[in-house]
Amino acid sequence: MRILIWSPNYAPEPTGIPPLVTDAAEWLVARGHSVDVVTAVPNYPERRIHPEYRGVLSRSETLNGVRVHRSWLRARPERSFADKALYELTISTFALPHAVRLARRADVVVCVVPTLLAAAYAAGVARVLNKRLVLWVQDLVLSAAASVGLGAGASRILSVAGRLERAAVRAADSVVVCSPGFRDYLIAGGRDPQRIETIYNWADVERITPRPPNGNGGPVRFLYAGNLGYTQGFETLVDAARIGADGVSVDIVGAGNAADIVRQLSADVPNITIRSPVDRRDYADLLASADVQLVIQRRISAGANLPSKIATSMASGRPLLASIDPATPAADMLRQSGGAVLIEPESPVSLAEGMKRLAADADLRARLGASARAYAERKFAKQPALERLEAVLLG
């Protein structure tokens, strides 16, 4: 089968959606399919174009058998509504010529949302060329818009975006979602439930495996590994680390548009370290180096996405400490796993208490970690997820 994947991000971008899309594309190639990916020049999570791609308007390259076609976008680390709108406009429109050209010879067009304008473009292209269209929904874009500043004219733009979302979803032959909450959202909007497939974001449970506790006699190590964005609310984590300093260290590993703010907030907190993202080959070692994995989200943005880091964190066999809205699908998943301690979001005191509780009880950490790993093996194994995704693409 000839597959076109239109995604906002792709390798070498290290966190979030890019590793998932890269996994899928390379796995499909290994299965004998022909795969083209239309994407932007690398810019995530910093929202700055990587140095080797600056000044590039268009470039095609082959990575591990996947033909990758990149185009320019307007990327800025700022979080204003205008910046978000310009990002959406350029990442979709500059990629459109590649998408139209490649869709002509594709059997199926897969569009990865959170790019709503790209989804609308893809729906139009698929209809004109009579191609099968699959939407792969990783974020609820309109819900996420509430977490950024809304300036003048934003309501009108969001209204247009809402119409684009509904039109793209109606046009799709199938929709893949990574969260049951996303499925409920689309059904409430009128989508046929029979055409929605829930496939959780996976973890490579063969590569990420439980390892013995560190047992070095030092502080209990809490790890946040992933995107350093505004929707996480790192001021909560920094304040919690300050409150619960005794016997606790916090390692923040990642990059993103809030990285500078995170460094400023933690500059006077000695038990916090901040590092750049590690190579994917070293990610399993990074997870194993922690005693507890951290999940942090602001209340306002928690329902708009399901953090992909939950799957990899559980696969590591370490307990999770999650500062997250208890009414979200992510919180439901964490409760079902039996491998997490959940606390109210945006409460430094509650987060510090959770850290102290886990730091003081090695047996509790072991029990929770074992439950998390068992859940990951049942729900997040990579091979079954990719097989289900392939089945959807085949129709």
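Helices (H or I, at least four residues) and strands (E, at least two) are taken here as DSSP runs, numbered from the N terminus. By this reading, Pro45 lies in the loop between S2 and S3, and the peptide bond that leads into Pro45 from Tyr44 is cis, with omega near 10°. The structure is a predicted model, in which local features need pLDDT of at least 70 and side-chain atom pairs count only at pLDDT 80 or more, while totals for chains, interfaces and linings use all residues. Residues are numbered from 1 along each chain as its sequence is written, and side-chain values use heavy atoms, with hydrogens and water left out.

The overall picture comes first. The protein has 15 helices and 14 strands. The C-alpha atoms fill a box of roughly 65 × 45 × 45 Å along the principal axes. The radius of gyration, taken over C-alpha atoms, is compared with a globule rule of 2.2 Å times the number of residues to the power 0.38. For 395 residues a compact globule would have a value near 21 Å, and the protein, with 21 Å, agrees. Burial is judged by relative accessible area: under 20% is buried, over 50% exposed, and in between partly exposed (1.4 Å probe, protein chains only). Of the 395 residues, 55% count as buried. The accessible surface comes to about 16200 Å², and 52% of this belongs to carbon and sulfur atoms; such areas come from the Shrake-Rupley method with a 1.4 Å probe, and for residues only the protein chains shown count as cover. Contacts (heavy atoms within 4.5 Å) often span long stretches of chain: among those between residues at least 6 apart in sequence, 72% join residues at least 24 apart.

Several loop residues deserve a closer look. A cis peptide bond also runs from Ala11 to Pro12, with omega near 20°, and Pro12 is found in the loop between S1 and H1. Thr15 belongs to the loop between strand S1 (2–6) and helix H1 (17–30). With a relative accessible area of 13%, Thr15 is buried. Beyond its neighbours within four places in sequence, Thr15 is in contact with Tyr44, Pro45, Gly226 and Asn227; Tyr44 and Pro45 are the two residues joined by the cis bond described at the outset.

Arg47 sits in the loop between strand S2 (34–40) and strand S3 (58–63). Its relative accessible area is 16%, so Arg47 is buried. Although Arg47 and Ser34 are 13 residues apart along the chain, their C-alpha atoms are separated by 30 Å. Residues up to four places away aside, Arg47 touches Asn9, Ala75, Arg76, Pro77, Tyr87 and Asn257.

Positive phi angles appear at two non-glycine residues discussed here. Asn64 has a phi of about 50° and lies in the loop between S3 and strand S4 (66–71); at 59% relative accessibility, Asn64 counts as exposed. Glu346 has a phi of about 60° and lies in the loop between strand S14 (340–343) and helix H13 (348–360). At 42% relative accessibility, Glu346 counts as partly exposed.

Val248 offers a view from a strand, with its place in S10 (residues 248–255). Val248 counts as buried, at 3% relative accessibility. Outside the span of four places in sequence, Val248 touches Pro219, Val220, Phe222, Asn271, Met355 and Ala359. Val248 and Lys356 are 108 residues apart in sequence, yet 7.6 Å apart in space, C-alpha to C-alpha.

Empty space was searched on a 1 Å grid over the protein atoms alone: a cavity is a set of points where a 1.4 Å probe fits but cannot get out, a pocket is an open set with protein on both sides within 12 Å along at least five of seven lines, and lining residues have an atom within 4 Å of a point. Grid points are joined across faces, edges and corners, and a volume is the space filled by probe spheres set on the points. The search finds 4 cavities of 30 Å³ or more. The largest cavity holds about 70 Å³, and among its 12 lining residues Val113, Leu116, Val137, Glu165 and Val169 lie nearest the centre. Helix H4 (116–129), strand S6 (132–137) and helix H6 (154–171) are the elements that give two or more residues to this lining, and H6 has the largest share, with 3 residues.
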